[in-house]
Amino acid sequence: AHPAPDDEDEDTGVPVDVVFGRPFPADTIAQAFRLRVLHPREAAFRRGLEAATAYKETYGHLDVPRLYDDENKFALGRWINRMRKAYAASTLKPAHVKALEALGIIWNLQTQAAERGLLHARNWAAHRGHLAVPSDEMIGDYAFGRWLTNRRSAARTRADNGLAPDPTDLALTEIDPYWNPPWPIAWQRVYYTARTYADASITLDDLPADFVTDDDEHLGEWVREQSTGYSTLHPEQVRLVTELGITLIEPAEDEPPQPTGRAARQQRQLDQGLAAVAVFHDREGHLHIRQRDTVTLDGAEYKVGQWVKNLRKRWDDLPPGHLQAVTAAGITRHPQPPAELTSAGA
């Protein structure tokens with residue numbers, strides 16, 4: 001017969017003094033001692049089960065990190081691993097199997113990968129209301145964010161090949177209909193933050209453009225991008241945005257649409273760089289800018305030389321409007337001698 005996996009906790013035969021932190025009935029104390037002395041393996045299992053139950057009550061699952069020790073210094077992670085090995089070897093008592101399954105133990109982390117992911121998906125959504133999880137999100141030693149990212153990629157591949165969603169994808173859709181939207185998941189994540197504010201009766205249109213949440217989300221900028229750049233959104237995104245109460249602003253007929261999102265950030269960076277170039281020219285009288293050159297812009301040091309170097313590296317990828325702006329400012333694709341630049345800037 002195989003030994004039980006918790007033999008490590010059997011009595012050593014050395015007498016010890018026992019001190020109770022609070023009073024217990026005499027029959028309870030007697031039962032505990034009989035369990036410990038006559039059934040040491042059962043006592044060891046009960047100790048582990050109590051620690052596992054406490055963990056489940058705290059975290060909502062029993063996917064314990066392998067090296068986790070609880071507040072009582074009990075090696076719960078290693079104990080769970082021993083239970084898995086005993087289960088695989090069919091040496092775990094049926095009553096013990098039943099007790100651990102009642103807590104939601106996952107016996108095999110490889111063959112039950114989908115079950116493990118769905119366990120955390122339900123737990124995450126129960127606390128946050130969605131599955132817009134960052135790709136680097138870890139739960140203990142489980143890469144939950146990476147699992148969801150891989151699921152999204154696999155689901156899109158199945159759809160591209162005309163295949164129906166698999167059961168795991170359908171389960172994720174039941175948890176959050178937007179777990180795998182046809183737009184970037186980062187947009188969906190900020191949307192849920194915006195919805196939290198809207199549900200708190202905060203008018204999103206009134207947020208300052210530079211408003212940043214405690215989680216460093218640029219919510220004010222995001223609201224403006226949806227308001228003015230709604231024509232670039234998926235129809236379902238537009239519906240979600242309008243439900244938040246965000247006003248959709250149509251550009252005037254004689255005004256070109258303003259860039260939003262990544263394009264808006266690139267435009268701001270270009271404007272800042274060109275402003276630094278102008279400061280350098282006013283100070284030096286030429287545009288022979290070396291990599292180490294800096295200027296003072298808006299009261300702070302700006303590395304104008306590094307900006308020009310990076311600009312030239314991606315010269316072929318510059319949008320037509322950006323290329324026109326930098327050439328109009330006197331910047332060429334390759335550095336020129338100081339005298340040539342001086343005459344060009346005169």
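Are Tyr178 and Trp183 buried or exposed? Tyr178 is buried, and Trp183 is buried too. That is one small piece of the picture; here are my notes on the rest, bearing in mind that this is a predicted model.

1. Overall make-up. The chain has 14 helices and two strands. It runs to 346 residues, of which 36% count as buried. The accessible surface comes to about 21,200 Å², and carbon and sulfur atoms account for 52% of that. If you take the contacts between residues at least 6 apart in sequence, 49% of them join residues at least 24 apart.

2. A stacked aromatic pair. Searching the whole structure gives 14 aromatic pairs. One of them is Tyr87 with Trp107: the ring centres are 4.0 Å apart and the planes meet at 5°, so this pair counts as stacked, the cut-off being under 30 degrees. Tyr87 belongs to helix α3 (residues 76-88), while Trp107 lies in the loop between α4 (94-102) and α5 (113-128), so to speak a link between distant parts of the chain, 20 residues apart. The two partners differ in cover: Tyr87 is partly exposed at a relative accessible area of 35%, whereas Trp107 is buried at 11%.

3. A tilted pair and its cluster. Back to the residues of the opening question. The rings of Tyr178 and Trp183 have centres 6.1 Å apart, and their planes are at 35°, so the pair is classed as tilted. Ring pairs also tie these two into a cluster with Trp187, Tyr191, Tyr192 and Trp222.

4. A charge over a ring. Please have a look at Arg128 and Trp124 as well. The charged end of Arg128 sits over the Trp124 ring, 3.6 Å from the ring centre.

5. The two sides of α10. Helix α10 covers residues 235-243, and Gln237, Leu240 and Val241 are buried in it. These three span an arc of only 100° around the axis, which places them on the same side of α10. A general point helps here: an α-helix has 3.6 residues a turn, so residues three or four places apart point the same way. The cover over the buried residues of α10 includes α8 (185-199) and α9 (219-228). Pro235 and Glu243, on the other side of α10, are exposed. After the helix comes Gly245, with a positive phi near 90°.

6. A salt bridge within α10. Arg239 and Glu243 form a salt bridge, and their closest N and O atoms are 2.4 Å apart. The two are four residues apart in helix α10, and therefore separated by about one helical turn. Arg239 is partly exposed, with a relative accessible area of 35%, and Glu243 is exposed, with 53%.

7. A salt bridge between distant parts. The count of salt bridges comes to 11. Among them is Glu42 with Lys93, where the closest N and O atoms are 3.5 Å apart. This pair also links distant parts of the chain, with Glu42 in helix α2 and Lys93 in the loop between α3 and α4, 51 residues apart. Lys93 is partly exposed, at a relative accessible area of 48%.

8. Asp293 and its surroundings. Asp293 is located in the loop between α11 (261-284) and β1 (295-297). Its side chain meets that of Arg290 in a salt bridge, at 3.4 Å from N to O. Arg290 is partly exposed, with 39% relative accessibility, while Asp293 is buried, with 8%. Elsewhere, salt bridges with shared partners join Arg151, Asp166 and Asp169 into one network. Leaving out residues up to four places away in sequence, Asp293 touches Phe280, His288, Tyr302, Lys303, Val304 and Gly305.

9. Leu62 in its loop. Leu62 is found in the loop between α2 (40-59) and α3. Its relative accessibility is 1%, so Leu62 counts as buried, the limit being under 20%. Not counting neighbours within four places in sequence, the contacts of Leu62 include Ala52, Tyr55, Lys56, Ile80 and Arg84. Leu100, Leu103, Gly104 and Ile105 are also in contact with Leu62. Of these, Leu103 is 41 residues from Leu62 in sequence, and the two are 6.8 Å apart in space, C-alpha to C-alpha.

Notes. Residues are numbered from 1 along each chain as its sequence is written. This is a predicted model: local features need pLDDT of at least 70, side-chain atom pairs count only at pLDDT 80 or more; totals for chains, interfaces and linings use all residues. Side-chain values use heavy atoms; hydrogens and water are left out. Rings of Phe, Tyr and Trp (its six-membered ring) pair if their centres lie within 6.5 Å; planes under 30 degrees apart count as stacked, over 60 as edge-to-face and the rest as tilted. Buried means under 20% relative accessible area, exposed over 50%, partly exposed in between (1.4 Å probe, protein chains only). A charge sits over a ring if NZ of Lys or CZ of Arg is within 6 Å of the ring centre and within 35 degrees of the ring normal. Contact means heavy atoms within 4.5 Å. Accessible areas come from the Shrake-Rupley method with a 1.4 Å probe; for residues, only the protein chains shown count as cover. The arc is that of the directions from the helix axis to the C-beta atoms. A salt bridge is a side-chain nitrogen of Lys or Arg within 4 Å of a carboxyl oxygen of Asp or Glu.
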